[in-house]
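Colleague: I have not looked at this one before. Can you walk me through it?
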Amino acid sequence: LSEGGIRQLCDDGVPESATLEFKGQLPGKSDRDRAEFLKDISALANSEGGNIVSGIAERGGAAESVTPITGESADDATRRLSQVLDAGIEPRLPNVSFRTIEVGVSGYVLVITVRASLNGPHRYFYNGNSRFVIRNGTHTSELTYDQLRSAFDKNASLATAARSFWRDRYTALSQGNTWRPLPAGPICVAQFIPVLSMDPRYRIDINWVHVNFSKLMFNDWGGASRAFNLDGVVAYSGTSEGVGAYTQVYRNGILEIVRTGGSTFIDRPVVPSTTV
């Protein structure tokens, strides 16, 4: 982010979304302003996460103009808002970051980034009461009974789903069900399964992966091709008919790497330690 990027948001009239909200100024110091700030932050943490940009006025739900913050230094604002979060949200949110973008001579825009939490649901306190809220599109609403019950069970259910995915893939690969046939012999497999990938709302930008597929190559491939498939994007070494290795990126962020592991030595399949 830069001053030019901030102004471009306004020039393009970028709309607010489930993960982006614009505020003309910083949250105030009144009880009502603090409650509104806590509600916005906890709602993002209980859903997909996102960014709150203070210093951009919106109109009709879209960025309209830059309104630089000048009445309070960025350090003081960050310290104040961090203290409000620590005292007003339970469980505490460790994954909230503050970034300052200098605008003009003495003003700035403050971007507050909230990451989706796996330690929720989070509640905020206001006038002796506590509420559980979630972000629905560009609006915030209280969690229903069923949503609240599901949120408390979220961590356990996501971990269980991740283990189930791993077992299913292990069985399939052990039976030779790879993306394309590999040469006969042992194979090496590495899987990286973010817990958040088991959340049905979570998706990554596979178009970006398709463009930047070279990042998925091994050093010894020499070259690679890539293709879209039902699961996401796959980068591979060889041809589509015969491959020696491939990296599959799933639409939910799971990374699976499969490659030929070795050969048969004295009637016994062997995986060299250098391959591992």
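Colleague: How far apart are Arg 7 and Glu 3 in helix H1?

Modeller: This is a predicted model, to begin with. Arg 7 and Glu 3 are four residues apart in H1, which covers residues 3-11, so about one helical turn separates them. Their side chains meet in a salt bridge, 3.1 Å from N to O.

Colleague: Are Arg 7 and Glu 3 buried or exposed?

Modeller: Arg 7 is partly exposed, with a relative accessible area of 35%. Glu 3 is also partly exposed, at 30%.

Colleague: Why would two such side chains pair?

Modeller: Side chains of opposite charge can pair when their charged atoms come close.

Colleague: How many salt bridges does a search of the whole structure find?

Modeller: The search finds 14. One of them is in helix H2, residues 31-45, where Asp 31 and Arg 34 are three residues apart, so about one helical turn lies between them. The N to O distance for that pair is 2.2 Å.

Colleague: And how accessible are Asp 31 and Arg 34?

Modeller: Asp 31 has 46% relative accessibility and counts as partly exposed. Arg 34 is partly exposed too, with 31%.

Colleague: Which residues are linked in a network of salt bridges?

Modeller: Glu 21, Lys 23, Asp 40 and Arg 135 are linked that way. Within this network, Glu 21 forms a salt bridge with Lys 23, and their closest N and O atoms are 3.0 Å apart.

Colleague: Is Glu 21 buried or exposed?

Modeller: Glu 21 counts as buried, at 12% relative accessibility. Its partner Lys 23 has 23% and counts as partly exposed. The cut-off for buried is under 20%, so Glu 21 falls below that value and Lys 23 does not.

Colleague: Changing topic. What is the order of the strands in the open sheet?

Modeller: The order is E1-E2-E7-E6, four strands with mixed pairing. E1, residues 20-23, and E6, residues 96-103, stand at the edges with a single partner strand each, so one side of each has no neighbour in the sheet. Neighbouring strands are turned against each other by 20° on average, direction ignored.

Colleague: What packs on the sheet?

Modeller: Helix H3, residues 74-88, does, touching E6 and strand E7, which spans 107-115. The direction of H3 makes about 160° with that of E6.

Colleague: Back to E1. How many bridges join E1 to E2?

Modeller: Four bridges join them, and the two strands run parallel. E2 covers residues 49-54. Leu 20 has Asn 51 in E2 as its bridge partner, and Lys 23 stands opposite Ser 54 in E2.

Colleague: What unit do E1, H2 and E2 make?

Modeller: They make a β-α-β unit, and it is right-handed.

Colleague: How do the axes of H2 and H3 cross?

Modeller: They cross at roughly 75° and come within 10 Å. That makes H2 roughly perpendicular to H3.

Colleague: Which residues meet there?

Modeller: From H2 there are Arg 34, Phe 37, Leu 38 and Ile 41. They meet Leu 81, Val 84, Leu 85 and Gly 88 in H3. Arg 34 appears here as well as in the salt bridge with Asp 31.

Conventions. Residues numbered from 1 in each chain as written. Predicted model: local features only at pLDDT ≥ 70, side-chain atom pairs only at ≥ 80, totals over all residues. Heavy atoms only, no water. Pairing = 2+ DSSP bridges. Axes fitted to C-alpha atoms, helices over the stretch in contact; angles between N-to-C directions. Contact = heavy atoms within 4.5 Å. Salt bridge = Lys/Arg side-chain N within 4 Å of Asp/Glu carboxyl O. Buried < 20%, exposed > 50% of the residue type's maximum accessible area, 1.4 Å probe, protein only. Right-handed = clockwise from strand over helix to strand, strands pointing away. Parallel < 35°, antiparallel > 145°, perpendicular 65-115°, else oblique.
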